[in-house]
Amino acid sequence: MLAGCKHKQPTATVISGVDYSQVAIPEFDADSAYRYTAEQLAFGNRIPGSKAWRQCADYLTAQMGRWCDTVIVQEFKTTLWDGTTVPGRNIIASLNLQASKRVLLAAHWDSRMWADHDPDSDLRHQPVPGANDGASGVATLMEMARVMSQMRPSVGVDFIFFDVEDQGVTEWSEAYSEDSWCKGSQHWALNRHVPYYTAVYGILFDMIGTPEPRFTKEEVSRFYAPGLVDKVWTAAAALGYSNVFVNQQSDAILDDHMYVNQNAGIPMIDIVQNSPNTSFFRHWHTTTDDLNSVNREALRTVATVTMKTVYGDFPHEK
Ligand SMILES: [Zn+2]
């Protein structure tokens, strides 16, 4: 035993051993992320099998190909809760292919074909524009791919755009609903794009871009990846974002991270909007989830916290 050895109490900002204010990350351009959101919407509704969906898939594949080392398009067919069969495309773009340690960053890129939560019952069979619910997360990952490719972390990064996430059972249906959501991640988790693929951890974005971003510690994330939840919320607090990444526990959300955790065994958390007194956010599954639902600062905040987390663990090496 060493006499006189005094242990210092760690401060809040370095509790994980990383001073997040000092972690170097690439510069994220929120205007370009916003533009990528608008460009997805300009194709029309990204309903699996539609022309707009095909055009948007080609656009995402081409854009990611400009920045990443490879892009793999995983095609599949899946049957929805109403018995219809639709095609799906999971888009997987990778940086640093040779790295054995990898981080997975994901969002869903399809948009919901029924606005079944619209306050106007006449509009509930109309599609959801999906600006925040879908496009905002994809756009943020696109801009992250662009800037991270120029200042790479010392880890492999796989960006996955899951398809057919948002075509689950409608509120008017009595149909059997289990596993009717997240078809793309269900397919990918059991048929990974690289045999035996795994990642150190994964982070999922869903509905991250509202003008009032608010994320809580969701139960599935806490169950499967408690250390990562703590790390991300600690990084956010150190950066002054504890009003956005609120230190509060919340109930389980059925989202793509569930299947990645359960079926691929990769610890993955969900950064997902949790507005008080409403489902997710005010325009969730309505015809008004348009560009007014997307705020540049929110995209920047989520990208910054995520990159601080990744570069805190795997710094850029000059
Ligand atoms: Zn949705």
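The following paragraphs describe the zinc site and a selection of the salt bridges in this predicted model.

The zinc ion takes its protein donors from Asp 133, Asp 166 and His 285. Asp 133 offers a carboxylate oxygen (OD), Asp 166 appears twice with OD atoms, and His 285 binds through NE2. These donor atoms lie 1.9 to 2.5 Å from the zinc ion. Along the chain, the donor residues follow the spacing D-x32-D-x118-H. Asp 133 belongs to helix 3, which covers residues 131-150, whereas His 285 sits in the loop between strand 8 (268-272) and helix 8 (296-313); the pair therefore ties together parts that are 152 residues apart in sequence.

The geometry at the metal is irregular, because the 4 donor atoms subtend angles of 57 to 147° around the zinc ion. For a tetrahedral assignment, all angles would have to lie between 85 and 135 degrees. As for solvent, Asp 133 has a relative accessibility of 2% and so counts as buried. His 285 is likewise buried, with a relative accessible area of 2%.

Attention now turns to charged side chains. Side chains of opposite charge can pair when their charged atoms come close. In the whole structure, 10 salt bridges are found, including the three described below.

Within helix 1 (residues 30-42), Glu 39 and Arg 35 are 4 residues apart, so about one helical turn separates them. They form a salt bridge in which the closest N and O atoms are 3.9 Å apart. Both ends are partly exposed: Glu 39 has a relative accessible area of 27%, and Arg 35 one of 43%.

Helix 3, which also carries the zinc donor Asp 133, holds a further pair. Here Arg 146 and Glu 143 are 3 residues apart, and about one helical turn again lies between them. Their closest N and O atoms are 2.9 Å apart in the salt bridge. The two partners differ in accessibility: Arg 146 is partly exposed at 22% relative accessible area, whereas Glu 143 counts as buried at 0%.

The third example joins two helices. Asp 313 forms a salt bridge with Lys 231, with 2.9 Å between the closest N and O atoms. Because Asp 313 lies in helix 8 and Lys 231 in helix 6 (residues 226-238), this pair ties together parts that are 82 residues apart in sequence. Asp 313 is partly exposed, with a relative accessible area of 26%, and Lys 231 is partly exposed as well, at 22%.

Methods. Residues are numbered from 1 along each chain as its sequence is written. This is a predicted model: local features need pLDDT of at least 70, side-chain atom pairs count only at pLDDT 80 or more; totals for chains, interfaces and linings use all residues. Side-chain values use heavy atoms; hydrogens and water are left out. Donors are N, O and S atoms within 2.8 Å of the metal (3.2 Å for Na, K and Ca); water is not among the atoms, so sites may look incomplete. Four donors count as tetrahedral if all angles lie between 85 and 135 degrees; four count as square planar and six as octahedral if opposite donors are over 155 degrees apart and all others between 65 and 115; anything else is irregular. Helices (H or I, at least four residues) and strands (E, at least two) are DSSP runs, numbered from the N terminus. Buried means under 20% relative accessible area, exposed over 50%, partly exposed in between (1.4 Å probe, protein chains only). A salt bridge is a side-chain nitrogen of Lys or Arg within 4 Å of a carboxyl oxygen of Asp or Glu.
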